[in-house]
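Colleague: Could you take me closely through one part of this model, the way one helix packs against its neighbours? I would like a connected account rather than a list.

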Amino acid sequence: MSATAEAASGLDREAALTDLEDESVHVLREVVATSDRPVLLFSGGKDSIVVLHLARKAFWPGRVPFPVLHVDTGHNFPEVIAFRDRTVAELGLHLEVASVQEAIDAGRVAERPDGVRNRLQTTPLLDAIAAHRFDAVIGGARRDEEKARAKERVFSVRDEFGRWDPRNQRPELWDLYNGRHRPGEHVRVFPLSNWTELDVWGYIRREGVAVPSIYYAHRRPVVRRDGMLVAVTEFTPAAEGEPVSVESVRYRTVGDATCTGAVASTAATPDEVVAEVARSALTERGATRADDRSGEAAMEDRKREGYF
């Protein structure tokens, strides 16, 4: 590619990012204008970080006009929780935590034999929505992550039990969104619906958005398990006889440590991550989330039950 063509391509990418930013800012303003008690799901993961950055832009010079909610599995990467807490403190946000461990202790959910807690997040999430009477729950899900997510609208109504019906969704023409719902129902809102993983990283690079250090290459003890590089942690110890090696890895997504794998990588800067993602043929969930490998309908089944 010539220098002129490369420069033109770069300008096109920047224009596309600006269009995506404008759309997401519009969505966030629509949420606040049409709901009484919105909340942003904030885990310290890259997508929720970008949504929070967009919210700061949308309501500048005012403060972000809603609290943030983390559905905490208890199986977290410490770098991510430290980032979450630091961000909340720096921005003066109000953080609510819905704890899977507390739900287990209360008998609301039962620990799974495999120890993975991703599916157990649904009950604490719905309990928190009901307790705080949240009527709009904003999240960072993107349509390119997984097939079931691609079926979602930007504004997606959940019934009084928090369930999603993919056959009963409202049309969204141009930039017109319908957040109306009956008492007891709520709306899930996805400002990044039209973004890709590459868009997110391009935006992080352009805006200088900080993310947890584990999104960049670092060395850590891992085991090779089910085709993934799984970090050796208190939640995922090496099995007897399982060889442990120290590898240069990074994380494309940071969820429950028991089902989230790393990828071999030397990408230590946003530029290097953008280049790496552009070369990848697999989505981050397909490459590094074991719970999404249990079947093609795994995510859709969870979303029907109320999972985000």
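**Helix H6 and its two partners**

Modeller: In this predicted model, helix H2, which spans residues 46–59, packs against helix H6, residues 197–207, at an angle of about 55°, and their axes lie 11 Å apart. An angle that is neither under 35 degrees, nor over 145, nor between 65 and 115 counts as oblique, and H2 and H6 are therefore oblique to each other. The crossing in which H2 passes H6 is left-handed. On the H2 side the contact is made by Lys 46, Asp 47, Val 50, His 53, Leu 54 and Lys 57, while H6 contributes Glu 197, Val 200, Trp 201, Tyr 203, Ile 204 and Glu 207. Sorted by class, the residues of this contact are six nonpolar, one polar and five charged.

One of the charged residues deserves a closer look. Lys 46, which belongs to helix H2, has a relative accessible area of 1%, and because buried means under 20%, Lys 46 counts as buried. Apart from its neighbours within four places in sequence, Lys 46 touches Glu 197, Val 200, Trp 201 and Ile 204, and its contacts also include Arg 142, Val 211, Tyr 215, Arg 252 and Glu 284. Of these partners, Val 211 is 165 residues away from Lys 46 in sequence, yet the two are 6.2 Å apart in space, taken from C-alpha to C-alpha. With Arg 252 the approach involves the backbone, since the side chain of Lys 46 reaches the backbone oxygen of Arg 252 at 2.9 Å.

The other partner of H6 is helix H7, residues 270–279, and here the two helices pack at an angle of about 165°, with their axes 9 Å apart. Because an angle over 145 degrees counts as roughly antiparallel, H6 and H7 are roughly antiparallel to each other. H6 passes H7 in a crossing that is again left-handed. The contact is built from Glu 197, Leu 198, Trp 201, Gly 202 and Arg 205 of H6, set against Pro 270, Asp 271, Val 273, Val 274, Val 277 and Ala 278 of H7. By class, the residues in the contact of H6 with H7 are seven nonpolar, one polar and three charged.

Taking the two contacts together, Glu 197 and Trp 201 of H6 take part in the packing with H2 and also in the packing with H7. Both of these H6 residues are, in addition, among the contacts of the buried Lys 46.

Definitions and conventions
Residues numbered from 1 in each chain as written. Predicted model: local features only at pLDDT ≥ 70, side-chain atom pairs only at ≥ 80, totals over all residues. Heavy atoms only, no water. Axes fitted to C-alpha atoms, helices over the stretch in contact; angles between N-to-C directions. Helix = DSSP H or I, 4+ residues; strand = E, 2+ residues; numbered from the N terminus. Left-handed = near helix turned anticlockwise from the far one by under 90°. Contact = heavy atoms within 4.5 Å. Nonpolar A, V, L, I, M, F, W, Y, C, P; charged D, E, K, R; others polar. Buried < 20%, exposed > 50% of the residue type's maximum accessible area, 1.4 Å probe, protein only. Polar contact = N/O pair within 3.5 Å; in protein donor to acceptor, adjacent residues only side chain to side chain.
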